[in-house]
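Hi,

Here is the structure I promised to pass on. Have a look at it first, and then read on for what I found in it.

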Amino acid sequence: MIDQVDAGRTPEDDDPGGRIGEAVEYDLFAAEEEPSPEPPGLVAYHLAPTLRLLRDEIDRRWPHRDRASDGWIGDAAHQAGASDHNPDADDRSVNALDVDRDGIDPPLVIRKCIAHPSTQYVIFERTIWSRTRGFAPARYTGSNPHDKHLHVSVSHTPSAERSDRSWGIVTAPVPKLGDRVLRRGSRGSDVRELQTVAGRLGARLAVDGDFGAATEAWVRTFQQSRKLAVDGVVGPWTVAALRAATRPPAPEPAGRAPGSRTLRRGTDGDDVAFVQRFVGERRCGRATGAFDARTEAGVRWYQGMRGITVDGVVGPQTWRQMQVKVAY
Ligand SMILES: [Zn+2]
């Protein structure tokens, strides 16, 4: 087998005039399974193993994803022109994979793809991340906007095509609200989280992970209500305000209600004050809420007077003696 490095295949290298991606993509067969073998005499084509691994990892992470816009092998129209969806000349590998955008986390997949040594370029939503440009995002002007699927091409070298290095999709952490600044056009699980939080605050936004006009308008309204800079951008201050607005109310400190815990020397609380009032100022002193030596002496007096165990501790037996319902 000839190991051919054909750097001329990437659309930007083919096209120094800058019409990046023009006529690179055509309609694809949606191919889930290996295609049936070609007639004898032709070498069967196959999806480059590294892309097969990528697809397997995506399927493992999102087993219920939509596959309608998946594809990899080009049709007859493709085969007339240059496309990574055509089997390449050396070993008939197909070096491009299309993954339906629905049911996956596209920003996560893009992040992992541009970190993988096999990747030549990624195209999604009129944006191309290409190795030849250090994976800096650039506008993609091809006729297919790639808004239904994400396209990944791998380099035409045997080591790239056959790499068994994991793409890291299965275990990649999902971005959480606050991990990055979100603004109009942001997409991802953190946008979904933002929209969910907004819903808890009364917004009626689609929870689609897509920071569009409605989400931006809501963010502005929220910022205004919190006296933040109104820019529609979710940075650290806005995240902090969102967290504060949705923080559940602090639970009542344990043991404030009479009968909800055992009281002894050193305990503080409204329930201690209750006992001090119940036993009386003459024995316990003022109802300070602090269970001190005088309180303990008062409790001992009360217990002795009532004929129950005299231990200076207000437990279930003492509570019941005080006609307090024991709830612990
Ligand atoms: Zn494609």
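Asp100 sits opposite His149 in strand E7, and a little earlier in the same stretch of chain Asp98 has His151 of E7 as its bridge partner. Before you go further, please keep in mind that this is a predicted model. The two strands behind these pairs are E3 (residues 96–100) and E7 (residues 149–154), which run antiparallel to each other and are joined by 5 bridges.

Where does this pair belong? E3 and E7 are part of an open sheet of 5 strands, ordered E3-E7-E4-E5-E6, with antiparallel pairing. The edges are taken by E3 and E6 (137–139); each has a single partner strand, so one side of each lacks a neighbour in the sheet. From one strand to the next, the twist averages 20 degrees. Helix H4 (residues 106–113) packs on this sheet, where it touches E3, E4 (119–124), E5 (127–130) and E7. The direction of H4 makes about 160 degrees with that of E4.

Now for a point I enjoyed: is E3, as an edge strand, enclosed or open? Being at the edge leaves one side of E3 without a neighbour in the sheet, yet 4 of its 5 residues are buried, so the rest of the structure largely encloses it. Leu97 gives a good view of its surroundings: beyond its neighbours within four places in sequence, it contacts Leu47, Leu51, Leu54, Arg55, Trp72 and Val152.

Leu97 also matters for the packing list. The largest nonpolar core has 28 residues, and the members touching the most others are Leu97, Val109, Val122 and Val152. Helix H2 (49–61), E3, H4, E4, E5 and E7 each give two or more residues to this core. Another core lies apart from it, with 12 residues that include Leu263, Val272, Val275 and Val279.

On the annotation side, the unreviewed UniProt entry places "domain: Peptidoglycan binding-like" on residues 187–242 and 285–322. In the model, residues 285–322 are 53% helix and 0% strand, and the C-alpha atoms at the two ends are 18 Å apart.

Finally, some totals for your notes:

- The chain has 12 helices and 7 strands.
- Of its 328 residues, 33% are buried.
- Among contacts with a separation of 6 or more, 57% join residues 24 or more positions apart.

Happy to talk any of this through whenever suits you.

Best wishes

How values were computed. Residues numbered from 1 in each chain as written. Predicted model: local features only at pLDDT ≥ 70, side-chain atom pairs only at ≥ 80, totals over all residues. Buried ≥ 20, exposed ≤ 12 C-beta atoms within 10 Å, placed from the backbone. Pairing = 2+ DSSP bridges. Axes fitted to C-alpha atoms, helices over the stretch in contact; angles between N-to-C directions. Contact = placed C-beta atoms within 7 Å. UniProt positions renumbered as here; feature names shortened; annotations may be inferred. Core = buried A, V, L, I, M, F, W, Y, C linked by C-beta atoms within 7 Å.
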